[in-house]
Amino acid sequence: MKREKIIASAMSVAMLMSLFPNLSYASEVKGQAERYYGINRYLTSVEISKKGFEKSRVAIVASGDDYADALCAAPLAKKFDAPILLVSKNEIKKEVLDEIKRLGVEEVYIVGGSGAVSDAVKTKI
């Protein structure tokens, strides 16, 4: 009986979390109250980039459809002191392209294969 309650509780939490997939927030680690956010995870990545980078020779592009590629991109972003910008598999938001231009990016690292970021998106970048 206890096991069934735990499973039911876990499923309830998972269902509630899936109701709000487009709300994404990030705040500074230093404890400041300022939050950086967009209307979805893709635009949130742009806002974080705007706040953290005036210019960047390198940008890291990863799929925002799932977190694994972006998470794995963190050490690469640290190495190059570069922002991580999110794209969906078959679409790159205009705002992401605009941010790449604003930063003056010369080199883009795309994390994940064509199953994560399509060749069409690579071509647009």
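Which right-handed unit do strand 3, helix 3 and strand 4 make? In this predicted model, these three elements form a right-handed β-α-β unit. Helix 3 spans residues 68-80, strand 3 covers residues 58-63, and strand 4 covers residues 84-87. The points below centre on strand 3 and its surroundings.

**Sheet arrangement**
- The sheet is open and has 3 strands in the order 4-3-5, with parallel pairing.
- Strand 4 and strand 5 occupy the edges and have a single partner strand each, so one side of each lacks a neighbour in the sheet.
- From one strand to the next, the twist averages 30 degrees.

**Pairing of strand 3**
- Strand 3 and strand 5 (residues 107-111) run parallel and are joined by 5 bridges.
- Within strand 5, Val-111 is the bridge partner of Ala-62.
- Strand 3 and strand 4 also run parallel, with 4 bridges between them.
- Ile-60 is positioned opposite Ile-84 of strand 4, and Val-61 is positioned opposite Leu-85 of that strand.
- In general, the strands of a sheet pair through backbone hydrogen bonds, in either a parallel or an antiparallel manner.

**Burial of strand 3**
- Strand 3 is mostly covered, with 6 of its 6 residues buried.
- Val-58, Ile-60 and Ala-62 point one way from the strand, whereas Ala-59, Val-61 and Ser-63 point the other way.
- The residues pointing in both directions are all buried.

**Placement of helix 3**
- Helix 3 lies across strand 3, strand 4 and strand 5.
- The direction of helix 3 is at about 175 degrees to strand 3.

Key. Residues are numbered from 1 along each chain as its sequence is written. This is a predicted model: local features need pLDDT of at least 70, side-chain atom pairs count only at pLDDT 80 or more; totals for chains, interfaces and linings use all residues. Side-chain values use heavy atoms; hydrogens and water are left out. Buried means under 20% relative accessible area, exposed over 50%, partly exposed in between (1.4 Å probe, protein chains only). Helices (H or I, at least four residues) and strands (E, at least two) are DSSP runs, numbered from the N terminus. Two strands pair if DSSP finds at least two bridges between them. A crossover is right-handed if, with the strands pointing away from the viewer, the path from the first strand over the helix to the second runs clockwise. Axes are lines fitted to C-alpha atoms, for helices over the stretch in contact, and angles run from 0 to 180 degrees between N-to-C directions. Contact means heavy atoms within 4.5 Å.
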